[in-house]
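I opened a notebook page for a chain I had not looked at before. Here is what I looked up, in the order I got to it.

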Amino acid sequence: MDESRLIRFSVGPEATVTPDLARRLPGRGLWVAADRASIEAAASRNLFSRAAKAKLQVPPGLAELVESLLKKRLLAGLGLAQRAGDLTSGFEKVSAAILSGRAAWLIEASDGAEDGRRKLLRLARRQPRPPQVFGAADAEELGLALGRQNVIHSAFLAGRAAERWASDALRLSGFRPLLPESWCEEPSAADGTSFVPRAAHD
């Protein structure tokens, strides 16, 4: 498998299995597919110790830990993108980014109002290359990441930063849906049909 679809683990102090999402920790890496089932199987079947040929300690809830770290990494990436000018926020600015074809990702607060989200999703659907959609964080989490209040709509502009961020989003999708299930049931077209947004795995 490509490294973009794997989680690297290293052996930390006291022979503890440690997630290395940035792939920078020293020592031999232990690689596992980036999904909950694979990590839970590796932990329960003692595969980390077998791969390292040494007795290793696996922390409880390792898959949940990886999911939490991936989400924190994604939110931190949004903050970095904003400071670099690669992220824009606000309904009008996001609409303009979608219409210009510059939006690689539409970032929507999971608890944002349905009306604004439906309008942006409808607009995105009409583009030749619709942006992918991320809705795995609420307005408070997005606000903390971006240092602002009431962040509902954002767009990650196309470029290398968006490509790197997409790699982490793809890995997170192995642990949790990137979109609330209810979004796929919302009518977004004039005829009442539903629009299923594109997430990272599509």
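**Two helices side by side**

I started with a pair of helices, α3 and α7, and found that they run roughly antiparallel to each other. I noted that this is a predicted model, so everything below is read from a prediction. The angle between the two is about 155°, and over 145 counts as roughly antiparallel, so the label fits. I put α3 at residues 62–84 and α7 at residues 160–172, with the axes 10 Å apart.

Next I checked the handedness: α3 passes α7 in a left-handed crossing. Then I listed who makes the contact. From α3 I wrote down E67, L70, K71, R73, L74, G77 and L78. From α7 I wrote down W165, D168, A169, R171 and L172. Sorting these residues by type gave me six nonpolar, one polar and five charged.

**Stepping back to the whole chain**

I then wanted the overall layout. I counted seven helices and seven strands in the chain. Going along the sequence, I read the order as β-β-β-α-α-α-β-α-β-α-β-α-β-α.

For the extent, I took the C-alpha trace along its principal axes and got about 60 × 35 × 30 Å. The chain has 202 residues, and 45% of them are buried. I also looked at contacts with a separation of 6 or more: 71% of them join residues 24 or more positions apart.

**Salt bridges**

How many salt bridges does a search of the whole structure find? I got eight. As a reminder to myself, side chains of opposite charge can pair when their charged atoms come close.

I looked at R36 with E64 to begin with. Their closest N and O atoms are 3.3 Å apart. E64 belongs to helix α3, while R36 belongs to helix α1 (residues 36–44), so I was looking at a link between distant parts of the chain, 28 residues apart. E64 came out partly exposed, with a relative accessible area of 42%. R36 is partly exposed as well, at 21% relative accessibility.

R36 also pairs with E67, and there the closest N and O atoms are 2.4 Å apart. This bridge ties helix α3 to helix α1 too, since E67 lies in the former and R36 in the latter, 31 residues apart in sequence.

One more pair went on the page: D115 with K119, whose closest N and O atoms are 3.4 Å apart. Both sit in helix α5 (residues 114–125), four residues apart, which means about one helical turn between them. I have D115 as partly exposed at 47% relative accessibility, and K119 as partly exposed at 40%. Back at the helix-to-helix pairs, I noted that shared partners join R36, E64 and E67 into one network.

**A closer look at E67**

E67 had turned up twice by now, in the α3 contact with α7 and in a salt bridge with R36, so I gave E67 an entry of its own. Is E67 buried or exposed? I found it buried, with a relative accessible area of 16%; the cut-off for buried is under 20%. Leaving out residues up to four places away in sequence, I found E67 touching R36, L172, F175 and R176.

**Odd backbone angles**

I looked for positive phi values outside glycine. A15 has one, about 55°. I found A15 in the loop between β1 (6–12) and β2 (16–19), and at 27% relative accessibility it counts as partly exposed.

K53 is another, with phi near 55°. It sits in the loop between α2 (47–52) and α3. K53 counts as exposed, at 76% relative accessibility.

**A last loop**

I finished at P130, in the loop between α5 and β6 (132–134). P130 is partly exposed, with a relative accessible area of 24%. I checked P130 against G101, which is 29 residues away along the chain, and their C-alpha atoms are separated by 8.1 Å.

Key:
Residues are numbered from 1 along each chain as its sequence is written. This is a predicted model: local features need pLDDT of at least 70, side-chain atom pairs count only at pLDDT 80 or more; totals for chains, interfaces and linings use all residues. Side-chain values use heavy atoms; hydrogens and water are left out. Axes are lines fitted to C-alpha atoms, for helices over the stretch in contact, and angles run from 0 to 180 degrees between N-to-C directions. Angles under 35 degrees count as roughly parallel, over 145 as roughly antiparallel, 65 to 115 as roughly perpendicular and the rest as oblique. A crossing is left-handed if the near helix is turned anticlockwise from the far one by less than a right angle, and right-handed if clockwise. Contact means heavy atoms within 4.5 Å. Ala, Val, Leu, Ile, Met, Phe, Trp, Tyr, Cys and Pro count as nonpolar, Asp, Glu, Lys and Arg as charged, and the others, Gly among them, as polar. Buried means under 20% relative accessible area, exposed over 50%, partly exposed in between (1.4 Å probe, protein chains only). A salt bridge is a side-chain nitrogen of Lys or Arg within 4 Å of a carboxyl oxygen of Asp or Glu.
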